[in-house]
Amino acid sequence: MKSVFALAAITFKEGIRNRSLFGIALLALFLFGLNITVAGFFMRDIGKVTVDMNLSALSFAGLLLVFFVGINLMAKDIDRKTIHLVLSKPISRAQYIWGKYLGIQFFLSASLALLFVFSCMTVALLLSLYPNYFVGFSWYQFIVACFFVLVKFSVLTAIVVFFSSITTSSLITLIFSLGSYIAGVTIEEVVFYLKSEFAAQEKIISESLRNFIDIISYLLPNFSVFDFTLEAAHGLAISADRVLLSLSYGAIYVCILLLLASFIFSRREFN
């Protein structure tokens, strides 16, 4: 375990030193500031718009962090041929995978935690300026929604690690990871539509294709499970069962992907 955490610490430091981090942070801060500027134009919907814009800014920043920094941290050793030096140390290939994932996860958590603080400051400022328009707002729902933004990108990081264990090209990893993210965001709506009465009556697609999509829906990550924006924006109750199920789903999916990545990476040859 010492080797895993040592590699995680090195990966975390590399992530902090990445120049892309500052650009992404400035972009997120700009979006928070933009929220303060335009909030007054929405009148009765100020509370809803504020929560929605803050969660969207966090999600966008998290997406950029994973794709611009996370993939680079995963591919750096292979691109620079330093993977041989790393694996010559008393560390197995499985430990390398887990150490890299934990390092990226620590980096992602620290970055989003800092942005979360600024997000809370934005919400608190607008709450003090327009208290009458935040009637249904709850800090609990907002914090839960922000936390599951991190959980969502923890799963996406595991996807990045999985594809990085298969290919040596960071571009291919980016394409497949981005495709998985887009599919994971939309898959629930697609399945819901295909199971609707309208789709059944119109017979838009064949039964075999519908069954294939249904099977794929279980393999792809369902990122809508981690979306609590609606509850946070409208002050709706969030049940403990849903929180537990979402956490369990994310943890199981991450563990399966990392186990598969460890298995594949341990049998991979490097030139």
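Let's start at Ala261, which sits in helix H11. This is a predicted model, by the way, so keep that in mind throughout. Ala261 is buried, with a relative accessible area of 0%. What does Ala261 touch, once we leave aside its neighbours within four places in sequence? The list is Ile97, Val161, Phe162 and Ser165. There's also a long jump along the chain here: Ala261 and Trp98 are 163 residues apart in sequence, yet 9.2 Å apart in space, C-alpha to C-alpha.

Now the helix around Ala261. H11 has 27 residues, and from its first C-alpha to its last it reaches 39 Å, close to the 39 Å you'd expect at 1.5 Å a residue. Its buried residues are Val243, Ser246, Gly250, Tyr253, Val254, Leu257, Leu258, Ala261, Ser262 and Phe265. Cys255 counts as partly exposed, at 37% relative accessibility.

Okay, let's step back to the whole protein. How many helices and how many strands are there? We get 11 helices and 0 strands. So if you read the elements from the N terminus on, you just say alpha over and over: α-α-α-α-α-α-α-α-α-α-α. The protein has 271 residues, and 45% of them count as buried. As for the outside, the protein exposes about 14400 Å², with carbon and sulfur atoms supplying 69% of that. And if you take contacts between residues at least 6 apart in sequence, 79% of them join residues at least 24 apart. Ala261 gave us a taste of that kind of thing, touching Ile97.

Next, the inside. The largest nonpolar core has 69 residues, and the members that touch the most others are Leu65, Tyr96, Phe142, Phe153 and Leu156. Which helices supply at least two residues each? Those are H2 (20-38), H3 (46-79), H4 (83-87), H5 (93-129), H6, H10 (229-234) and H11 (240-266). H6 gives the most, with 17 residues.

Let's look at Phe142 from that group. Leaving aside neighbours within four places in sequence, Phe142 is in contact with Val51, Asn54, Leu55, Phe116, Ser119, Cys120, Val123, Phe137 and Ala232. Ala232 is worth a stop of its own. You'll find Ala232 in helix H10, and it counts as buried at 0% relative accessibility. Its contacts, with the same neighbours left out, are Val51, Leu55, Gln141, Phe142 and Ala145. So Val51 and Leu55 turn up in the contact lists of both Phe142 and Ala232. Tyr140 is 92 residues from Ala232 along the chain, and their C-alpha atoms are separated by 8.3 Å.

Staying with H6, which covers residues 139-166, we also find Thr157 there. Is Thr157 buried or exposed? It's buried, with a relative accessible area of 2%. Beyond its neighbours within four places in sequence, Thr157 is in contact with Val66, Tyr101, Ile104, Gln105 and Leu108.

Now over to helix H5, where Lys100 is placed. Here we have a lysine that counts as buried, at 1% relative accessibility. What does Lys100 touch, not counting residues up to four places away in sequence? It touches Leu7, Thr11, Glu14, Leu73, Met74 and Asp77. Leu73 is 27 residues from Lys100 along the chain, and the two C-alpha atoms are separated by 8.0 Å.

Leu7, Thr11 and Glu14 bring us to helix H1, where they're among the buried residues, along with Val4, Ala8 and Gly15. Why do we say they share a side of H1? They cover an arc of only 125° around the axis, which puts them on the same side of the helix. The general idea is that an α-helix has 3.6 residues a turn, so residues three or four places apart point the same way. Turn to the face of H1 away from that buried side, and you meet the exposed residues Lys2 and Arg17. H1 itself runs over residues 2-17, so 16 residues, and it reaches 23 Å from first C-alpha to last, close to the 22 Å expected at 1.5 Å a residue.

Last thing, the cysteines. How many disulfides are there? The count comes to 0. Take Cys120, which is in no disulfide: the nearest cysteine sulfur belongs to Cys146 and is 6.1 Å away. Cys120 counts as buried, at 16% relative accessibility, and we've already met it as one of the contacts of Phe142.

Key: Residues are numbered from 1 along each chain as its sequence is written. This is a predicted model: local features need pLDDT of at least 70, side-chain atom pairs count only at pLDDT 80 or more; totals for chains, interfaces and linings use all residues. Side-chain values use heavy atoms; hydrogens and water are left out. Helices (H or I, at least four residues) and strands (E, at least two) are DSSP runs, numbered from the N terminus. Buried means under 20% relative accessible area, exposed over 50%, partly exposed in between (1.4 Å probe, protein chains only). Contact means heavy atoms within 4.5 Å. Accessible areas come from the Shrake-Rupley method with a 1.4 Å probe; for residues, only the protein chains shown count as cover. The expected span of a helix is 1.5 Å times one less than its number of residues. The arc is that of the directions from the helix axis to the C-beta atoms. A disulfide is a pair of cysteine sulfur atoms within 2.5 Å. A nonpolar core is a set of buried Ala, Val, Leu, Ile, Met, Phe, Trp, Tyr and Cys residues joined through side-chain atoms within 4.5 Å.
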